[in-house]
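Dear colleague,

Please find below the structure I wished to hand over to you. My notes on what was found in it follow directly after.

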Amino acid sequence: MNRCATQQITFSDGTIIPKGATIAVSAHTMMEDGIIYDNASTYDGYRFYNMRQEPGSEHRHQLVSTTPEHFAFGLGKHACPGRFFAANESKILLLHLIMKYDWKLQSGGRPKNYENGFELITDPTVEMLFRSREPEIDLGFLGE
């Protein structure tokens, strides 16, 4: 998240943000914060599913949820209005890729992340191996 200060702001500790300055809040450290998530730096495909299993949390921790602990799609009045569409499009794309192809990393291990400003990106030189699934799965039920 980044914003442009429309006026000078002085914090209680004396820190000044001048008018016109660009400020940003990085979400990537929050996504791997051990205070928020158990074993945060370890991939867990069931992390948010398991969090939804706790009583009272059945409707929280969704991909499109915006909370102070997870604001990949923004927060409050600045939340991305297209996040529902983007989430559905991503799910459809992943469904096709997973059902039509077998995937494998050439190196066999998970590539490390690189920091690029406020983003974490995967090594762009990593090579993926893929092949069509045999026999190809019929996806006609999706209304292609």
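In these notes, buried means under 20% relative accessible area, exposed means over 50%, and partly exposed lies in between, with a 1.4 Å probe and protein chains only. By that scale N113 is partly exposed, with a relative accessible area of 29%.

Two remarks on the basis of the values come next. The model is predicted, and local features need pLDDT of at least 70, side-chain atom pairs count only at pLDDT 80 or more, and totals for chains, interfaces and linings use all residues. Residues are numbered from 1 along each chain as its sequence is written, and side-chain values use heavy atoms, with hydrogens and water left out.

Helices (H or I, at least four residues) and strands (E, at least two) are DSSP runs numbered from the N terminus. N113 belongs to strand β6, residues 113-116. Its C-alpha lies 6.4 Å from that of D123, and the two residues are 10 apart in sequence.

Salt bridges

A salt bridge is taken here as a side-chain nitrogen of Lys or Arg within 4 Å of a carboxyl oxygen of Asp or Glu. The structure holds 2 of them. In one, R131 pairs with D102, with the closest N and O atoms 3.4 Å apart. R131 is in strand β8 and D102 in strand β5 (residues 101-105), so this pair ties together parts that are 29 residues apart in sequence. D102 also forms a salt bridge with R133, where the closest N and O atoms are 3.5 Å apart. Since R133 sits in the segment after β8 and D102 in strand β5, that pair ties together parts 31 residues apart in sequence. D102, R131 and R133 are thus linked in a network of salt bridges. As to accessibility, R131 is exposed at 57%, whereas D102 is partly exposed at 26% and R133 is partly exposed at 29%.

Nonpolar surface patch

W103, M128 and F130 make a nonpolar surface patch of about 330 Å². Patches are made of residues with over 30% relative accessible area and no salt bridge; like charges are joined within 9 Å, and nonpolar side chains (Val, Leu, Ile, Met, Phe, Trp, Tyr) within 5 Å. Accessible areas come from the Shrake-Rupley method with a 1.4 Å probe, and for residues only the protein chains shown count as cover. M128 is in strand β8, residues 128-132, and is partly exposed at 41% relative accessibility.

Largest pocket

On a 1 Å grid over the protein atoms alone, a pocket is an open set of points, where a 1.4 Å probe fits, with protein on both sides within 12 Å along at least five of seven lines; lining residues have an atom within 4 Å of a point. Grid points are joined across faces, edges and corners, and a volume is the space filled by probe spheres set on the points. The largest pocket holds about 1,400 Å³ of space. It is lined by 39 residues, of which M31, Y43, F48, L63 and H70 are the closest to its centre. Two or more lining residues come from each of α1 (28-31), α2 (47-52), α3 (83-100) and β7 (119-122). The most is given by α2, with 5 residues. By class, the lining has 18 nonpolar, 12 polar and 9 charged residues. For these classes, Ala, Val, Leu, Ile, Met, Phe, Trp, Tyr, Cys and Pro count as nonpolar, Asp, Glu, Lys and Arg as charged, and the others, Gly among them, as polar.

Backbone and loops

Most residues other than glycine have a negative phi. Phi of N39, however, is positive, near 50°. N39 is placed in the loop between α1 and α2 and is exposed, with a relative accessible area of 62%. H61 also has a positive phi, near 60°. H61 is in the loop between α2 and α3 and is buried, at 19% relative accessible area. H61 and Q8 are 53 residues apart in sequence and 36 Å apart in space, C-alpha to C-alpha.

S57 is likewise in the loop between α2 and α3, and is buried at 11%. From S57 to E32 the C-alpha distance is 20 Å, with their positions 25 residues apart in sequence.

With kind regards
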